[in-house]
Amino acid sequence: MTIQEVETFIRSLYDRFNSHITDPQWLDKVVANVSDDCNILDIPSGMMLAGKEGMQLFLSTWTTAFPDCSMEVTNMMVCEEQAVVEFTCRGTHTGTLYGPGGEITPSGHKLVLHYCAVYQLKEGQIVEARL
């Protein structure tokens, strides 16, 4: 992929995530671009997930706990096989948040999280994601 294609591809994933409220197929559209043997490491929680199912679990955990959540890309650096994305996630904690430490009941509080994700790409698919 060219640098422009990588940037467009990555931005489209965030756009698809942001469509979760209006597009019932959003999750299928996102994970279609994840390799079956993708490794996903969420450093803050220490969770290591794998493949399409791992990505589905990771993303649906957030949309379950924060149904109104959205992600805003604030900075991106790309090359042909890698992308580094800084983004801000905003939402209201109105659903149960499931994590390695157990369940966190809804608080009703608004959340703003600043994240950085590093994606490794191969043949148009995400093969590794570190957050």
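Contact here means heavy atoms within 4.5 Å. With that in hand, let's walk through this predicted model, starting from Ile-126. Setting aside residues up to four places away in sequence, Ile-126 touches Phe-9, Leu-13, Asn-33, Val-34, Ser-35, Cys-38, Tyr-119, Gln-120 and Leu-121.

**The nonpolar core**
- Ile-126 also belongs to the largest nonpolar core, a set of 35 residues, and is among those with the most contacts inside it. The others on that list are Ile-10, Tyr-14, Leu-59, Val-85, Phe-87 and Tyr-119.
- Helices and strands both feed this core: α1 (3-18), α2 (26-31) and α3 (51-65) each supply at least two residues, and so do β1 (34-42), β3 (70-79), β4 (82-92), β7 (110-122) and β8 (125-130).
- The largest share comes from α1, with six residues.

**Helix α3**
- This helix has 15 residues and spans 22 Å from first C-alpha to last, close to the 21 Å you'd expect at 1.5 Å a residue.
- Its buried residues are Gly-51, Gly-54, Met-55, Phe-58, Leu-59, Thr-61, Trp-62, Thr-63 and Ala-65.
- As a rule of thumb, an α-helix has 3.6 residues a turn, so residues three or four places apart point the same way.

**Lys-29**
- You'll find Lys-29 in helix α2.
- Is it buried or exposed? Lys-29 counts as partly exposed because its relative accessibility is 39%, and that class lies between under 20% for buried and over 50% for exposed.
- Beyond its neighbours within four places in sequence, Lys-29 is in contact with Arg-16 and Asp-23.
- Phe-17 sits twelve residues from Lys-29 along the chain, with 9.0 Å between their C-alpha atoms.

Conventions
Residues are numbered from 1 along each chain as its sequence is written. This is a predicted model: local features need pLDDT of at least 70, side-chain atom pairs count only at pLDDT 80 or more; totals for chains, interfaces and linings use all residues. Side-chain values use heavy atoms; hydrogens and water are left out. A nonpolar core is a set of buried Ala, Val, Leu, Ile, Met, Phe, Trp, Tyr and Cys residues joined through side-chain atoms within 4.5 Å. Buried means under 20% relative accessible area, exposed over 50%, partly exposed in between (1.4 Å probe, protein chains only). Helices (H or I, at least four residues) and strands (E, at least two) are DSSP runs, numbered from the N terminus. The expected span of a helix is 1.5 Å times one less than its number of residues.
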